[in-house]
Amino acid sequence: MDLLNTLVDKGLRRELPTREEALAVLATSDDDVLDVVAAAGKVRRHWFGRRVKLNYLVNLKSGLCPEDCSYCSQRLGSTAGILKYTWLKPDEASRAAAAGLAGGAKRVCLVASGRGPTDRDVDRVSETIKAIKDQNEGVEVCACLGLLSDGQAERLREAGADAYNHNLNTSEETYADITTTHTYADRVDTVRKAHTAGLSACSGLIAGMGESDEDLVDVVYSLRELDPDSVPVNFLIPVEGTPLAKEWNLTPQRCLRILAMVRFVCPDVEVRIAGGREVHLRSMQPLALHLANSIFLGDYLTTEGQAGRADLDMIADAGFEVEGADQVTLPEHRTGAGCAAHGGCGSHGSDGGCGAHEGAGGCGAHEGAGIRGSAPAPRGNEARTDLVAVRRRGAGTDLAPNA
């Protein structure tokens with residue numbers, strides 16, 4: 001297919017595709033999806049080989065957010081039965097992080113619900129970063145705390161943070177349909193604050209909220225312009241008790257096309273499959289590793305992911321390898337200065353923040369999905385509500401985490 005050959009050539013040269021080409025990727029048929037994956041896979045392997053970076057989420061403060069993001073189970077007015085708790089103490093957060101690091105993660109994503117941190121909150125998170133880094137040499141830490149005020153990004157950088165996540169989530173044109181308590185411009189401003197402070201910028205999107213192909217292309221082109229090191233791609237989990245609970249718009253093939261489009265537009269950045277991969281990609285998750293070079297290990301912020309051991313087996317069985325702590329994530333040309341110097345961004349925001357914050361800006365993980373297992377599998381494109389499970393283990397509980 002001439003389109004795919006053109007996109008591969010552009011991806012190897014880091015040349016921006018035209019909007020028409022990006023839209024054409026999303027418009028390809030299910031019959032062509034393997035060709036699309038194969039083409040985008042060439043670009044992924046050129047810049048990242050067969051390495052998969054593992055990121056691990058720690059939800060420092062869960063629920064009771066004053067923002068009204070329609071996709072988020074922690075939003076104002078949510079009736080979702082999620083865990084609700086205030087700030088974890090630094091030693092509690094450090095113990096939670098240790099589980100993910102033991103499972104192979106090289107980056108810890110510290111997420112907190114809310115509009116944005118107070119100065120006292122920045123102090124709390126700074127103490128937590130120190131506790132984690134004192135116990136784990138070489139670990140990368142990404143903070144995802146919502147909208148930043150002047151000077152806060154610099155304080156987080158001084159405290160040892162390597163990255164900051166804040167997702168754009170959707171296009172500027174449709175943003176007000178999803179959230180009314182802050183603006184798209186607010187989000188852009190926070191990503192720029194992180195970049196300016198020398199943090200590795202992490203910013204992504206949520207697919208499946210009823211957006212058009214044009215909206216998806218718009219937000220990915222906006223991300224390319226902002227130039228984050230990491231782009232988490234979240235797939236909406238329609239959680240009961242949220243306004244988007246009935247929005248089941250994705251198929252595995254659609255998810256693969258979206259990831260391929262992101263890879264073609266952002267060829268040399270860390271593309272992360274964030275929240276929702278278990279629910280929407282399902283048994284086709286291994287194919288997505290040919291497009292993205294980063295995932296979250298284990299559970300998400302308020303929902304369960306598949307077993308951490310299953311993540312590791314999937315990576316190995318698909319012929320990929322877990323990226324080591326001594327390996328630099330990003331290509332050499334992106335690691336010379338500024339935020340890229342830390343070896344690439346960590347990780348939302350659809351639950352989905354660090355690359356997985358729910359609501360305020362997300363560290364890249366959408367409200368993930370739990371594989372609960374006993375319900376009969378629906379056929380065709382029926383909603384897989386049986387794959388959505390609220391997290392009841394790990395941070396904020398007395399139970400061992402999934403890592």
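This report walks through a predicted model, taking in two strands, a helix, a glycine, two empty spaces and two loop residues.

## Strand 1 and its neighbours

A good place to start is strand 1, which covers residues 51-61. Eleven of its eleven residues are buried, so the strand is largely enclosed by the rest of the structure.

Strand 1 pairs with several other strands. With strand 2 (residues 107-112) it runs parallel, and six bridges hold the pairing. Strand 9 (residues 294-296) also runs parallel to strand 1, joined to it by three bridges. Strand 10 (residues 321-322) is another parallel partner of strand 1, this time through two bridges.

Individual residues help to place these pairings in the model. N55 is a handy landmark: it stands opposite R107 in strand 2, and its bridge partner in strand 9 is F296. For strand 10, look to R51, which stands opposite E321.

## A glycine in helix 4

G100 belongs to helix 4, which spans residues 90-102. Is G100 buried or exposed? Its relative accessibility is 0%, so G100 counts as buried.

Which residues does G100 touch, leaving aside those up to four places away in sequence? They are Y56, A105, L297 and A403. Y56 falls within strand 1, whose range is 51-61. There is also a C-alpha separation to look at here: G100 and L57 are 43 residues apart along the chain, yet their C-alpha atoms are separated by 8.0 Å.

## The largest cavity

Rolling a probe the size of a water molecule over the atoms shows where empty space is left. In this model, the largest cavity holds about 100 Å³ of space. Its lining is made up of 14 residues, and those nearest its centre are Y56, L57, Y300, R391 and A395.

Which element gives the most to this lining? Strand 1 does, with four residues. Sorted by class, the lining of the largest cavity has eight nonpolar residues, three polar ones and three charged ones.

## The largest pocket

The largest pocket contains about 170 Å³ of space. Its lining consists of L88, E92, R95, A96, G394, A395, G396, T397, L399 and P401. By class, five of the lining residues are nonpolar, three are polar and two are charged.

A395 is a residue to pick out in both places: it lines the largest pocket, and it is among the residues nearest the centre of the largest cavity. Helix 4, with its range of 90-102, takes in the pocket-lining residues E92, R95 and A96.

## Helix 9 and its surroundings

Helix 9 runs over residues 213-226, 14 residues in total. From its first C-alpha to its last it reaches 20 Å, close to the 20 Å expected at 1.5 Å a residue.

The buried residues of this helix are D215, L216, V217, V219, V220, Y221, L223 and L226. What covers them? Among the covering elements are helix 2 (19-27), helix 8 (184-196) and helix 10 (252-265), along with strand 6 (205-207) and strand 7 (230-235).

## Strand 7, covered on both faces

In a regular strand the side chains alternate between the two faces of the sheet. Strand 7 is covered on both: S230, P232 and N234 on one side are all buried, as are V231, V233 and F235 on the other. With six of its six residues buried, strand 7 is largely enclosed by the rest of the structure.

Strand 7 runs parallel to strand 6, and three bridges join the two. Within this pairing, I206 has N234 of strand 7 as its bridge partner.

## Two residues with positive phi

Most residues other than glycine have a negative phi, and most peptide bonds are trans. D227 has a positive phi, near 60 degrees. This residue comes just after helix 9, in the loop between helix 9 and strand 7. D227 is partly exposed, its relative accessible area being 36%.

R282 also has a positive phi, near 50 degrees. Its loop lies between helix 11 (277-280) and helix 12 (285-288). At a relative accessible area of 23%, R282 is partly exposed.

Methods. Residues are numbered from 1 along each chain as its sequence is written. This is a predicted model: local features need pLDDT of at least 70, side-chain atom pairs count only at pLDDT 80 or more; totals for chains, interfaces and linings use all residues. Side-chain values use heavy atoms; hydrogens and water are left out. The expected span of a helix is 1.5 Å times one less than its number of residues. Buried means under 20% relative accessible area, exposed over 50%, partly exposed in between (1.4 Å probe, protein chains only). Contact means heavy atoms within 4.5 Å. On a 1 Å grid over the protein atoms alone, a cavity is a set of points where a 1.4 Å probe fits but cannot get out, and a pocket is an open set with protein on both sides within 12 Å along at least five of seven lines; lining residues have an atom within 4 Å of a point. Grid points are joined across faces, edges and corners, and a volume is the space filled by probe spheres set on the points. Ala, Val, Leu, Ile, Met, Phe, Trp, Tyr, Cys and Pro count as nonpolar, Asp, Glu, Lys and Arg as charged, and the others, Gly among them, as polar. Two strands pair if DSSP finds at least two bridges between them.
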